[in-house]
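Okay, thanks everyone. I'll put the model up and then talk you through one corner of it.

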Amino acid sequence: FLSVRQNLEIPFRLSERDPDQGEIERMARRFGLDRELDKKPRHLSVGQRQRVAIMRALILRPALILADEPTAAIDQVRAKQIAMEFRTLALDSGSTIAAHCDSAM
């Protein structure tokens with residue numbers, strides 16, 4: 001029932017931080033959802049919804065990421081891009097990623 005933007009603000013609010021709109025927009029651009037920020041889930045494809053969930057998990061750059069098939073409902077090309085985002089996040093922030101996924105990762 002929340003827009004993509006509102007979903008990406010949740011981790012900030014739960015950690016009692018002001019949402020970083022710049023970071024939200026950068027991440028949405030990286031995941032190809034920058035034009036969808038004000039849309040509700042019912043207006044998104046299953047793959048887009050899954051990307052929102054991934055972005056919400058990554059937005060605060062956690063130290064540890066556990067993912068079980070994070071790209072299962074996403075096309076192969078986008079899955080490879082997301083795998084690269086996971087790797088980039090790990091390199092940039094020192095995060096550890098443990099993922100069970102298809103061949104894209």
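What follows is a quick look at one helix pair and two residues around it.

Ground rules: this is a predicted model, so to speak, with local features needing pLDDT of at least 70 and side-chain atom pairs counting only at pLDDT 80 or more, while totals for chains, interfaces and linings use all residues. Numbering starts from 1 along each chain as its sequence is written, and side-chain values use heavy atoms, with hydrogens and water left out.

Let's start with the helices, which are DSSP runs of H or I with at least four residues. The axes of H1 and H2, lines fitted to C-alpha atoms over the stretch in contact, come within 10 Å and cross at roughly 125 degrees. That makes H1 oblique to H2, oblique being whatever is left after under 35 (roughly parallel), over 145 (roughly antiparallel) and 65 to 115 degrees (roughly perpendicular). Who meets whom? On the H1 side we have Arg 5, Leu 8, Glu 9 and Phe 12, and on the H2 side Gln 21, Ile 24 and Glu 25, with contact meaning heavy atoms within 4.5 Å.

Now Arg 5, in H1. Arg 5 counts as buried, because its relative accessibility is 18% and the cut-off is under 20% (exposed is over 50%, partly exposed in between, 1.4 Å probe, protein chains only). Its side chain also sits 2.8 Å from that of Gln 21 in a polar contact.

Last one: Asp 20, in the loop between H1 (4-14) and H2 (21-30). Asp 20 is partly exposed at 34%, and a polar atom of its side chain lies 3.1 Å from the backbone nitrogen of Gly 22.

Terms used: Helices (H or I, at least four residues) and strands (E, at least two) are DSSP runs, numbered from the N terminus. A polar contact is a pair of N or O atoms within 3.5 Å; within protein, one must be able to donate a hydrogen and the other to accept it, and residues adjacent in sequence count only if both atoms are side-chain atoms. Axes are lines fitted to C-alpha atoms, for helices over the stretch in contact, and angles run from 0 to 180 degrees between N-to-C directions.
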